[in-house]
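Could you walk me through this model in my viewer, stop by stop? I would like to know what to select next and what is there.

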Amino acid sequence: MKYLGLSLGAPHKSKSMWEGIIEKFEGKLPEWKRIYLSKEGRITLIKSTFFNLPTYFLSLFPVPAGVANRLEKICWDFLWGGLEDTRKFHLIKWNTVCTPLSCGGLGIRNLRTFNKALLGKWLWRYHLEGDTVTAR
């Protein structure tokens, strides 16, 4: 049973709970789209998908390392991929891609850092507001 896209009763560390997010990522970044988009178009599509799609999940649960690696792999394959059968080399390290534009990166958020920031926001809110957070 699912509620707001989350499997009820499933442990949050299991990959099965995150399968919906991975499927949505693969649906938003299909291989055929990268053929018709420029690098700038690919970066824009990655940013819009990467920033918006998993935010609800990431604000509630810590992302397992395997899931984070899988989502990042989908993004970097989409960014650097060529045609279906050809293998392209990654021109920039993923850590450099994830740095802000002002520091010479491409401005794509690091998924693990973004997850920690969203979870930290709940801790900060709980610290400031106390019991009113849980009463809502």
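Start with the whole chain and its contacts (heavy atoms within 4.5 Å). Among contacts between residues at least 6 apart in sequence, 67% join residues at least 24 apart. Keep in mind that this is a predicted model, where local features need pLDDT of at least 70, side-chain atom pairs count only at pLDDT 80 or more, and totals for chains, interfaces and linings use all residues. Residues are numbered from 1 along each chain as its sequence is written, and side-chain values use heavy atoms, with hydrogens and water left out.

Now colour by secondary structure. You should find 8 helices and 2 strands, in the order β-β-α-α-α-α-α-α-α-α from the N terminus. Here helices (H or I, at least four residues) and strands (E, at least two) are DSSP runs, numbered from the N terminus.

Next, switch on the surface. The chain exposes about 8900 Å², and carbon and sulfur atoms supply 60% of that area; the areas come from the Shrake-Rupley method with a 1.4 Å probe, and for residues only the protein chains shown count as cover. Of the 136 residues, 32% are buried, meaning under 20% relative accessible area with a 1.4 Å probe, protein chains only.

Select residues 15-28 and 65-80 together: these are helix 1 and helix 5, whose axes come within 10 Å and cross at roughly 5 degrees. Axes are lines fitted to C-alpha atoms, for helices over the stretch in contact, and angles run from 0 to 180 degrees between N-to-C directions. Helix 1 is therefore roughly parallel to helix 5, a label for angles under 35 degrees. To see the contact, show Lys15, Trp18, Ile21, Ile22, Phe25 and Glu26 on helix 1, then Gly66, Val67, Arg70, Leu71, Ile74 and Cys75 on helix 5.

Stay on Cys75 for a moment. Which cysteine sulfur is nearest to that of Cys75? Show Cys98: its sulfur is 8.7 Å away, and Cys75 is in no disulfide. A disulfide is a pair of cysteine sulfur atoms within 2.5 Å, and the structure holds 0 of them. Both cysteines are buried, Cys75 with a relative accessible area of 0% and Cys98 with 13%.

For the last stop, select Ser59 in helix 4 (residues 55-60). Is Ser59 buried or exposed? Ser59 is buried, with a relative accessible area of 14%. Add Leu118, Leu119 and Trp122 to the view: Ser59 touches these residues, not counting residues up to four places away in sequence.

Technical notes:
Parallel < 35°, antiparallel > 145°, perpendicular 65-115°, else oblique. Buried < 20%, exposed > 50% of the residue type's maximum accessible area, 1.4 Å probe, protein only.
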